[in-house]
Amino acid sequence: MGVRIPSEAEYAEQRDSSTDFSLFPADDYILEVQSVTEQPGKIDIFDKPAEGTPQRTYTGLEVRFRIISFANGDEIVDENGADIPAARNPLFFDWFDPERVGLKPQPAKARKFFAFSTGKELEDRIDIENWSELVGKRLIGGVIIKANAMGVRRNKVSDYRPIRARRRATAAAATVAPEAKIAPAADLTAEAAKIFKDDFDNLDDLPF
């Protein structure tokens, strides 16, 4: 059995023909889960079985995300700053091993996805009875541009984080100066009478 290794020109041709749409800039985006599809029989390329032991296989998950906006709320544009036509309906894809969800030495990307899309913290227990529960959930995805072995540049979701509600300043939280209290007119008259009592008592001494 032989092998055919493409030339540089063939690689370039494949690269050009594979890029139908402009890419999105590397940035953070608000993503919405559009679909979750099981993919049985995936081979774990990181598994290193003992000699004579078959390599681990698992049922993977393909997740499709609809791009809502940039994380700061700005409307999405491509990497050249051009607007995205509504008919394009751009999507990001990611793939997960639902059994690799550990916390150490650092949280697995799959765990981040499951936690942040369901409103959990990374350290919490996460229960998902059906993958359909994830459809419509939103989270923030850190997106990069990465070239594959053939040099084709693609967008890739490299990390996830939760959407945090922004703290809004309220008038009640602001420091308000205490309201000045104005004494009733009757009280002011009484106070004046105390101050000028001696004068009132010695009206006979007035020069007029």
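**Figure 1. Helix α2 in the predicted model, shown with its buried residues.** In this predicted model, α2 is mostly covered, with 8 of its 9 residues buried. The buried positions are Ala110, Arg111, Lys112, Phe113, Phe114, Ala115, Phe116 and Ser117, and the elements against which the buried residues of α2 pack are β1, β2, β3, β4 and β5. Phenylalanine 113 can serve as a close-up of this packing: leaving aside residues up to four places away in sequence, Phe113 touches Val33, Val63, Phe65, Phe96, Leu134, Leu139 and Tyr160. After α2 comes glycine 119, which has a positive phi near 75 degrees.

**Figure 2. The largest nonpolar core.** This core holds 25 residues, and those with the most contacts inside it are Tyr29, Phe65, Phe92, Phe113 and Tyr160. Two or more residues are given to this core by each of β1 (27-43), β2 (57-70), β3 (91-96), α2 (109-117), β4 (138-147) and β5 (153-161). For the chain as a whole, 24% of the 208 residues are buried, and among contacts with a separation of 6 or more, 61% are made by residues 24 or more positions apart.

**Figure 3. Pairing of strands β1, β2 and β3.** The chain contains 4 helices and 5 strands, arranged along the sequence in the pattern α-β-β-β-α-β-β-α-α. Strands β1 and β2 pair in the antiparallel sense over 12 bridges, and within this pairing isoleucine 30 has serine 69 of β2 as its bridge partner. Strands β2 and β3 also run antiparallel and are joined by 6 bridges; here phenylalanine 65 is bridged to phenylalanine 92 in β3, while arginine 64 stands opposite phenylalanine 93 of β3.

**Figure 4. The two faces of strand β3.** Side chains alternate along β3, so that Phe92, Asp94 and Phe96 point to one face and are buried, whereas Leu91, Phe93 and Trp95 point to the other face and are not buried. On the buried face, Phe92 is one of the residues with the most contacts inside the largest nonpolar core, and Phe96 is among the residues that Phe113 touches.

**Figure 5. The second largest pocket and its lining.** This pocket has a volume of about 420 Å³, and its lining is formed by Lys42, Ile43, Asp44, Ile45, Phe46, Tyr58, Trp95, Phe96, Asp97, Arg100, Lys109 and Ala110. The elements that give two or more residues to the lining are β1, β3 and α2. By residue class, the lining divides into 7 nonpolar, no polar and 5 charged residues. Among the lining residues are Trp95 and Phe96, whose side chains point to opposite faces of β3, that of Phe96 being buried and that of Trp95 not.

**Figure 6. Backbone geometry in two loops.** Most peptide bonds are trans, and most residues other than glycine have a negative phi. In the loop between β3 and α2, where proline 105 is found, a cis peptide bond joins lysine 104 to proline 105, with omega about 0 degrees. In the loop between β2 and β3 lies asparagine 89, which is not a glycine and yet has a positive phi of about 50 degrees. Asparagine 89 counts as partly exposed because its relative accessibility is 38%, a value between the limits of 20% and 50%.

Methods
Residues are numbered from 1 along each chain as its sequence is written. This is a predicted model: local features need pLDDT of at least 70, side-chain atom pairs count only at pLDDT 80 or more; totals for chains, interfaces and linings use all residues. Side-chain values use heavy atoms; hydrogens and water are left out. A nonpolar core is a set of buried Ala, Val, Leu, Ile, Met, Phe, Trp, Tyr and Cys residues joined through side-chain atoms within 4.5 Å. Buried means under 20% relative accessible area, exposed over 50%, partly exposed in between (1.4 Å probe, protein chains only). Contact means heavy atoms within 4.5 Å. On a 1 Å grid over the protein atoms alone, a cavity is a set of points where a 1.4 Å probe fits but cannot get out, and a pocket is an open set with protein on both sides within 12 Å along at least five of seven lines; lining residues have an atom within 4 Å of a point. Grid points are joined across faces, edges and corners, and a volume is the space filled by probe spheres set on the points. Ala, Val, Leu, Ile, Met, Phe, Trp, Tyr, Cys and Pro count as nonpolar, Asp, Glu, Lys and Arg as charged, and the others, Gly among them, as polar. Two strands pair if DSSP finds at least two bridges between them.
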